[in-house]
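Colleague: I've got a structure open on my screen and I'd like to learn how to read it. Could you walk me through it, one feature at a time?

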Protein chains: 2
Amino acid sequence: MSVIATISTSVDGYVTGPGDGPGCGLGQGGERLHHWVMGGPWTYGSEHDPAGMAGPDKEFYDDLVANLGAGLCGRGMYDAAGAWGGTNPFDGPLFVLTHRTEDAPDPATGFVFVDDLATAMQLATAAAEGRDVSVGGGADLIRQALAGGYVDEIAMSIAPVVLGGGKHLFEGFTHDIDLEITRVYTSELATHVRYAVKRQ
Amino acid sequence: MSVIATISTSVDGYVTGPGDGPGCGLGQGGERLHHWVMGGPWTYGSEHDPAGMAGPDKEFYDDLVANLGAGLCGRGMYDAAGAWGGTNPFDGPLFVLTHRTEDAPDPATGFVFVDDLATAMQLATAAAEGRDVSVGGGADLIRQALAGGYVDEIAMSIAPVVLGGGKHLFEGFTHDIDLEITRVYTSELATHVRYAVKRQ
C-alpha cells in the first residue's frame, strides 16, 4: 500500500495557469497541462476533443491507477472540476478536504467531505483496504501531505509549457526531501516521473 | 546554430540549495543537483569522488556539448565555481555576464567579461562560428535570456531531490512559453529533458 501524490505541472512548477477556479478549470492556458490526458491540444468548450489518452501517457496512467483503492483531493480542485459532474469517476471513494463540510453531497456520489488531513488519510487508508491511496491536487493539499510525512511516492507529469503564473506546486514549501526515481514515461505531451520518497 | 539554456534543477525548481556562493558551490544540500555530473553521491572536500559521469547522463552531456562553440554564464556562477580554477574548461570562449568588468581575467584564460546580455550574445554567437551557444546559470541569466527571446532550446536536468529553498530557476518569471519535448534521457541520478522553444 502506497500513498501516491499525483499532479501535472508546467516546466516552471505551476499546477494551474493564472485565474483557475470554478468555470475556469485549470486557469488561463492551463489546459496545456492536460494535453497528455486528452491525447492532444484541447480547449474548454471545444466541440472537437482530441483522440484521448494514448501511448506512454496511457501506460503511465494505467500503471498509476491499477492498484488505487481511494483518493484525496482538495476542495478547490473539487469545485474547479465541477465535482466531475456530480459523481466520483475514480475507483474507490474520493475524500475531499474542506473546512466547509456543511454542503457535503450524498455519499452515493462517491465523494466524502472531511475537514482535516489526518482524518482524511485515515479514512482513505481504511477504505483502500490495502490498495494505494492517491493524493491529487490542489497544490496546497500535496504540500500538506508531503510536510506531514504521509506521502510514499510522487507521480509528476511535466507538461512542455512555461506558464509564468498560477498556483505553484511548491509555493512556500521548505522541507528537504530525497527522492528515488523509480520510473519515467516519455511522450510528446509530457514527461512522467515516478519518485519514491526516501528520506525527509 | 542553437542557443541552448542548460541547467540542473531540483524537483521543486531550485538551481542551488540555500546559501550558495564562493566557497559554498551549490549551497546547502545543493551538491545533490550534480550527482549525475559526478556519477553518484559526493560532497565538497571529499577525498573519494564517485566514478564520474556515465550511462544516460554522459550520453545527454556528450550530445549537448558535441556542437558547442561558445558559452555564457553569470558572474555569480563564475565566482561560485571559483572560476573553475582559473582556466575555462569548456570548448570555446565563456562569456561571463557581469557589471564588474574591472577585474576581468587575462583573455588567455578563455573567460571574457561582458556587462550586457545583448553584447554577450552577439560575441558568443560570432565566436561560435555557426556552432551552438550554451547559456548556463545562474538562474537570473537564464531568465533574462528566455525573456529576451534569445533561447532556442532548454536542456533541463531534474535531480531527484526537493530542496525546499535556494535560488529558483523561474523566480519572478512571468512569460508564457510553449515548448516541444525533443529528447529525454533517464538515469537513476536525473531526468534530462531537452525542449525546443516553440512560441513565446
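Modeller: Let's go through the sheet, a buried strand, the core and then the contact between the chains. Keep in mind that this is a predicted model.

Colleague: Okay, the sheet. In what order do the strands of the open sheet run?

Modeller: To read a sheet, walk across it from strand to strand. Here the open sheet has nine strands in the order β4(A)-β3(A)-β2(A)-β5(A)-β1(A)-β6(A)-β9(A)-β8(A)-β7(B), and the pairing is mixed. β4 (111-114) of chain A and β7 of chain B are the edges: each has a single partner strand, so one side of each has no neighbour in the sheet.

Colleague: And what packs on the sheet?

Modeller: Helix α2 (residues 55-65) of chain A does, touching β1, β2 (68-74), β6 (153-158), β8 (177-186) and β9 (191-199) of chain A. Its direction makes about 130° with that of β8(A). Then there's helix α4 (residues 117-128) of chain A, which lies across β2, β3 (94-97), β4 and β5 of chain A and runs at about 160° to β2(A).

Colleague: How do I tell which way two paired strands run? Take β1 and β5 of chain A: how many bridges join them?

Modeller: Look at the direction of each strand, then find the bridge partners. Strand β1 (residues 3-9) and strand β5 (residues 132-135) of chain A run parallel and are joined by three bridges. One partnership to find on screen is A:Val3 with A:Val133 in β5(A). β1(A) also pairs with β6(A), again in the parallel sense, over six bridges, and there A:Thr9 has A:Ile158 as its bridge partner. β6(A) and β9(A), by contrast, run antiparallel, with six bridges joining them; A:Ile154 is partnered by A:Tyr195 in β9(A).

Colleague: Is β6(A) buried or exposed?

Modeller: Check the strand residue by residue. Six of the six residues of β6(A) are buried, so the strand is largely enclosed by the rest of the structure. A:Glu153, A:Ala155 and A:Ser157 point one way, while A:Ile154, A:Met156 and A:Ile158 point the other way, and all of them are buried.

Colleague: What about the core? Which residues touch the most other members?

Modeller: Start from the best-connected residues and work outwards. In the largest nonpolar core, which has 106 residues, A:Val135 and B:Val135 touch the most other members. Leaving aside neighbours within four places in sequence, the contacts of B:Val135 include B:Val3, B:Leu72, B:Ile142 and B:Val151.

Colleague: On to the two chains. How many residues does each give to the contact?

Modeller: Count each side, then see what supplies it. Chain B gives 26 residues and chain A gives 26 residues. On the chain B side, β7 (161-162), β8 (177-186) and β9 (191-199) each supply at least two residues, and β8(B) gives the most, with seven. By class, that side has 13 nonpolar, eight polar and five charged residues. Strands pair across the chains too: β7 (residues 161-162) of chain A and β8(B) are antiparallel over two bridges, with A:Val162 opposite B:Ile177.

Colleague: What rotation superposes chain B on chain A?

Modeller: A rotation of 180° with 0.0 Å of shift along its axis, at an RMSD of 0.0 Å. The two copies are therefore related as by a two-fold rotation axis. To spot that axis from chain B, go to B:Gly13, whose C-alpha comes closest among the residues of that chain, at 3.4 Å. And 100% of the interface residues of chain B are also interface residues in chain A, so the copies meet through the same surface.

Note on methods: Residues numbered from 1 in each chain as written. Chains lettered and ligands numbered in written order. Predicted model: local features only at pLDDT ≥ 70, side-chain atom pairs only at ≥ 80, totals over all residues. Core = buried A, V, L, I, M, F, W, Y, C linked by C-beta atoms within 7 Å. Buried ≥ 20, exposed ≤ 12 C-beta atoms within 10 Å, placed from the backbone. Contact = placed C-beta atoms within 7 Å. Helix = DSSP H or I, 4+ residues; strand = E, 2+ residues; numbered from the N terminus. Nonpolar A, V, L, I, M, F, W, Y, C, P; charged D, E, K, R; others polar. Pairing = 2+ DSSP bridges. Axes fitted to C-alpha atoms, helices over the stretch in contact; angles between N-to-C directions. Least-squares fit on C-alpha atoms with pLDDT ≥ 70 in both.
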